[in-house]
Amino acid sequence: MKNTDGKNILDYETVALDDENNAIIIIDQTKLPGETKLISLKTGEEIWEAIYLLKVRGAPAIGVTAAFGIYLLAKQILTEDYEAFYQEFRKQKEYLDSVRPTAVNLSWALNRMEEVCIKNREMAVADLKELLRKEAVSIKEEDIRVCKAIGEYGLSLVKPGDGILTHCNAGKLAACKYGTATAPIYLGEERGYHFRVFADETRPLLQGARLTAYELFSSGVDVTLICDNMSATVMKNGWVNAVFVGCDRVAANGDTANKIGTSVVAAVAKRYHVPFYVCAPTATIDRNTPTGADITIEQRPDHEVTEMWYQERMAPEGIKVFNPAFDVTDHDLISGIVTEYGIARAPYTESLQEIFRKKEEGMI
């Protein structure tokens, strides 16, 4: 599907740094698929709002946006005194870190940028700002390499012609290239695997319909859009050989937080003996969170359920609404966690430690 400028959605960068104009350029994903609109973010408030309003979303893309954002905000701190610079840096970092509580990549990227400041406190502030720029760019470049590695491991779990179901958007629009859960699909498409993909619509924000179905269809993948409550039917019919989903946080015991409805898909997959895989960069694994019960789940506004997307309100005025953005999938429902360092399997308390051992040894 080409836009009016002749470009495919995959031709655009999800998140780009415009250093010359002190801006982050993102695709406003709230306008997709009807309009491809690039917007420029320059202030802390604009960056915070873009993340909160889901103009940019997906754990990897949020991390990259945060890294570029704190660099640009640091660039605007007009002092040569390190202590004054760092105090303001911390203030801006904490502000950005407050926007969404569930996706660990946000705090991971900001903490990584802060580490640059702490380790180079003796350096001139101007030189420190340049190091922050290089680190932010490195975070983006690493995201591309990580997603491709996840795709390679994920591809080893399926065979040509398989049916794959995915929930929400863990695609190129949620990262910088390839995505996480879609990385095996894109690599398979390049290699002639001809997967048959089923994309859940993902209510209430419809990321599966607006984003996943859109980007896969635009890339030529055989994709079928289904309502969330149809996943059991397609699995019972034998049309799905594997489920691949993304992730916003992995607990130390292998519980995972992902877009609301993911745990339902996992339970249905177990009922019909369909392997359920979570694609998670190691940046998404939070070893300081013991179990899924310790993950803070973001609560979203009522109007997303009652009136968003509708010409007329579709629920009675005054009705109570429960609108969690994410749910937790228990580790016993997960067949494997696909990372850039390999595939972790139960018991996850042991296999995730092995994944980090490989990471510390640089085995990628």
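Colleague: Which residues in helix 5 meet Ala183, Pro184, Leu187 and Gly188 in helix 6?
Modeller: Keep in mind that this is a predicted model. The axes of helix 5 (residues 125–155) and helix 6 (residues 183–190) come within 7 Å. On the helix 5 side, the residues in that contact are Cys147, Lys148, Ile150, Gly151, Glu152, Gly154 and Leu155.

Colleague: And how do the residues of that contact divide into nonpolar, polar and charged?
Modeller: Lys148 and Glu152 are part of the helix 5 side, and Lys and Glu count as charged. Glycines turn up on both sides, with Gly151 and Gly154 in helix 5 and Gly188 in helix 6, and Gly counts as polar. The split is six nonpolar, three polar and two charged.

Colleague: Is helix 5 roughly parallel or roughly perpendicular to helix 6?
Modeller: Their axes cross at roughly 75 degrees. Angles of 65 to 115 degrees fall in one class, so helix 5 is roughly perpendicular to helix 6.

Colleague: On to the sheet: which are the edge strands?
Modeller: Seven strands form an open sheet with mixed pairing, in the order 6-5-4-7-10-12-13. An edge strand pairs on one side only, and that picks out strand 6 (222–226) and strand 13 (342–344).

Colleague: What is the bridge partner of leucine 165 in strand 5?
Modeller: Strand 4 (residues 163–166) pairs with strand 5 (residues 196–200) in the parallel sense, over four bridges. Leucine 165 has as its partner in strand 5 phenylalanine 198.

Colleague: Which strands does helix 9 touch?
Modeller: Helix 7 (residues 207–218) lies across strand 4, strand 5 and strand 6. Helix 9 (residues 262–271) packs on the sheet too, its direction making about 145 degrees with that of strand 10. The strands helix 9 touches are strand 4, strand 5, strand 7 and strand 10.

Colleague: Which helix gives the largest share of the largest nonpolar core?
Modeller: That core has 39 residues, and Phe85, Phe89, Met113 and Leu132 touch the most other members. Phenylalanine 89, for one, has Ile70, Met113 and Leu132 among its contacts. Several elements each supply at least two residues, including strand 2, helix 3 and helix 4. The largest share, eleven residues, comes from helix 2.

Colleague: Is isoleucine 295 buried or exposed?
Modeller: Isoleucine 295 is found in the loop between strand 10 and helix 10. Its contacts include Thr102, Arg249, Ala257 and Thr289. The relative accessible area of isoleucine 295 is 8%, and the cut-off is under 20%, so isoleucine 295 is buried.

Technical notes: Residues numbered from 1 in each chain as written. Predicted model: local features only at pLDDT ≥ 70, side-chain atom pairs only at ≥ 80, totals over all residues. Heavy atoms only, no water. Pairing = 2+ DSSP bridges. Contact = heavy atoms within 4.5 Å. Axes fitted to C-alpha atoms, helices over the stretch in contact; angles between N-to-C directions. Parallel < 35°, antiparallel > 145°, perpendicular 65-115°, else oblique. Buried < 20%, exposed > 50% of the residue type's maximum accessible area, 1.4 Å probe, protein only. Core = buried A, V, L, I, M, F, W, Y, C linked by side-chain atoms within 4.5 Å. Lists of a residue's contacts leave out its neighbours within four places in sequence.
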